[in-house]
Amino acid sequence: AGKALENLNEASAFTEDLRRLRDKALQEAHRTQRNWEGPFWDAASGQQYYHDPAMGRSSWQIPAVAPLYLAWIANKMLQCEDLFPADCTSDCGNLHLAVVKARARYLGPAQQQQQQQQQ
């Protein structure tokens with residue numbers, strides 16, 4: 001029973017971390033997208049593009065695509081009913097490792113260090 005409770009506590013903490021990651025990614029997407037205008041249509045290429053007039057730059061991709069994708073993945077994981085099945089084995093560990101790696105890439109070294117100090 002103690003191991004099951006420990007797994008349940010870890011699952012709850014992980015779920016909360018995943019919610020925070022999703023929310024942070026959405027905030028980053030809003031901040032990123034705030035200065036961009038578009039989409040506009042480029043007649044020569046037949047493609048849509050976005051423009052940041054303050055910085056004088058353009059992009060063929062939605063500027064906030066990376067944090068939006070991360071938020072989408074986190075949200076899909078939160079909707080998964082069996083994210084932490086009762087018979088959790090190595091697959092759960094692999095899933096947790098994948099999320100930790102994704103979070104590490106998203107947070108960056110300075111934010112990772114700050115997060116570790118808070119724990």
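Here is a short conversation about the salt bridges and the confidence of this predicted model.

Me: How many salt bridges does the structure hold?
Reply: The structure holds six salt bridges. Let's look at some of them.

Me: Why is the pairing of D17 with R20 called a salt bridge?
Reply: The closest N and O atoms of D17 and R20 are 2.4 Å apart. The cut-off is 4 Å, so the pair qualifies as a salt bridge.

Me: Where do D17 and R20 lie in helix α1?
Reply: They are three residues apart in helix α1, which spans residues 2–34, so about one helical turn separates them.

Me: What makes D17 and R20 count as buried, exposed or partly exposed?
Reply: D17 has 22% relative accessibility, and R20 has a relative accessible area of 49%. Partly exposed lies between the 20% and 50% limits, so that term applies to D17 and also to R20.

Me: Which residues are linked with D17 and R20 in a network of salt bridges?
Reply: E16 and R19 are; with D17 and R20 they form a network of salt bridges.

Me: How do you know that D23 and R22 form a salt bridge?
Reply: Their side chains meet at 3.1 Å, N to O. That value is within 4 Å, so the name fits.

Me: Why is R22 called buried, and what is D23 called?
Reply: R22 has a relative accessible area of 19%, and buried means under 20%, so R22 is buried. D23, at 35%, falls between 20% and 50% and therefore counts as partly exposed.

Me: What makes R57 and D52 a salt bridge?
Reply: The N to O value for R57 and D52 is 3.5 Å. Because the limit is 4 Å, this pair also counts as a salt bridge.

Me: Is D52 buried or exposed, and what about R57?
Reply: D52 has 2% relative accessibility, which is under 20%, so D52 is buried. R57, at 43%, counts as partly exposed.

Me: What is the mean pLDDT of the protein?
Reply: The mean pLDDT is 76, and 60% of the residues reach 70 or more. Strand β2 (residues 47–52) has the highest mean among the elements, 95, and helix α4 (residues 109–118) the lowest, 52.

Me: Where is the pLDDT below 50?
Reply: Residues 1–5 are one such stretch, and residues 87–91 are another. Beyond near neighbours in sequence, residues 1–5 have zero contacts in the model, and so do residues 87–91. Where pLDDT is low, the predicted coordinates should not be read in detail.

Key:
Residues are numbered from 1 along each chain as its sequence is written. This is a predicted model: local features need pLDDT of at least 70, side-chain atom pairs count only at pLDDT 80 or more; totals for chains, interfaces and linings use all residues. Side-chain values use heavy atoms; hydrogens and water are left out. Helices (H or I, at least four residues) and strands (E, at least two) are DSSP runs, numbered from the N terminus. Buried means under 20% relative accessible area, exposed over 50%, partly exposed in between (1.4 Å probe, protein chains only). pLDDT is the predictor's confidence in each residue, from 0 to 100. Contact means heavy atoms within 4.5 Å.
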